[in-house]
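Here are a few short exercises on helix geometry and helix packing, each with a worked solution. Take a look at the structure and try each one before reading on.

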Amino acid sequence: MRLNNSDYRAAALEHLDHARRAYDRKDFMVAHYYSGVSVECILRAYVRHHKQEKFYSRHDLARLAVSGFLDIVSDISRREWDAKIGEMNLRWRSNHRYFSEQSLRRYFKDAELDRKIRGDALKENARIVRELAHEIVGFGEMKWITKMK
């Protein structure tokens with residue numbers, strides 16, 4: 001089954017809610033993963049909206065973003081959105097779904113994403129990724145509602 005832009009958009013919103021609920025129940029691995037999936041879904045919604053039949057279909061958020069999503073941001077805010085997508089791409093990788101908690105913690109340490117964090121690095125990274133996802137998906141949804149109808 002081939003998903004269309006509306007399918008991806010709906011999935012983005014649902015996965016963002018899954019991430020919130022997982023974080024609230026302190027399931028930080030799941031919150032981390034669903035946050036990234038929600039961003040990937042909203043980026044894919046914009047790819048499909050722009051009717052790009054051939055696009056980089058891997059899970060690289062930065063490459064997906066330039067296939068449609070970044071077209072909705074102004075030139076003034078482009079640098080800010082590039083940074084947010086880049087930060088998300090650094091903190092979330094689709095292969096994290098194969099990681100154990102220990103492996104994910106090691107990834108954060110190796111990527112120096114545990115620096116200046118007091119307490120649980122997994123919890124803090126899950127919080128950061130969830131907030132980024134909320135911003136990215138929220139912005140994508142707001143633009144969708146106002147511009148895509």
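**Exercise 1.** In this predicted model, find the residue that caps the N-terminal end of α6.

*Solution.* Look for a side-chain oxygen close to a backbone nitrogen: one from D120 lies 2.9 Å from the backbone nitrogen of L122. D120 is therefore the N-terminal cap of α6, as polar contacts are N or O pairs within 3.5 Å.

**Exercise 2.** Check whether the length of α6, residues 121-147, agrees or disagrees with 1.5 Å a residue.

*Solution.* Start with the expected span, which is 39 Å for the 27 residues of α6. Then take the end C-alpha atoms, which are 38 Å apart, so the two values agree.

**Exercise 3.** Describe how α2 packs on α6.

*Solution.* The axes of the two helices come within 8 Å and cross at roughly 25 degrees. Angles under 35 degrees count as roughly parallel, so α2 is roughly parallel to α6. The crossing of α2 and α6 is left-handed. Next, list contacts: residues of α2 including F28, V39 and Y46 meet a set in α6 including L122, A133 and W144. By class, this contact has 13 nonpolar, 6 polar and 4 charged residues.

**Exercise 4.** Now do the same for α2 (residues 28-49) and α4 (residues 78-91).

*Solution.* Here the axes come within 11 Å and cross at roughly 135 degrees, which makes α2 oblique to α4. The crossing of α2 and α4 is left-handed. From α2, H32, S35, G36, V39 and L43 meet I85, M88 and R91 of α4. Sorted by class, that contact has 4 nonpolar, 3 polar and 1 charged residues.

Notes
Residues numbered from 1 in each chain as written. Predicted model: local features only at pLDDT ≥ 70, side-chain atom pairs only at ≥ 80, totals over all residues. Heavy atoms only, no water. Axes fitted to C-alpha atoms, helices over the stretch in contact; angles between N-to-C directions. Helix = DSSP H or I, 4+ residues; strand = E, 2+ residues; numbered from the N terminus. Parallel < 35°, antiparallel > 145°, perpendicular 65-115°, else oblique. Left-handed = near helix turned anticlockwise from the far one by under 90°. Contact = heavy atoms within 4.5 Å. Nonpolar A, V, L, I, M, F, W, Y, C, P; charged D, E, K, R; others polar. Expected span 1.5 Å × (residues − 1). Polar contact = N/O pair within 3.5 Å; in protein donor to acceptor, adjacent residues only side chain to side chain.
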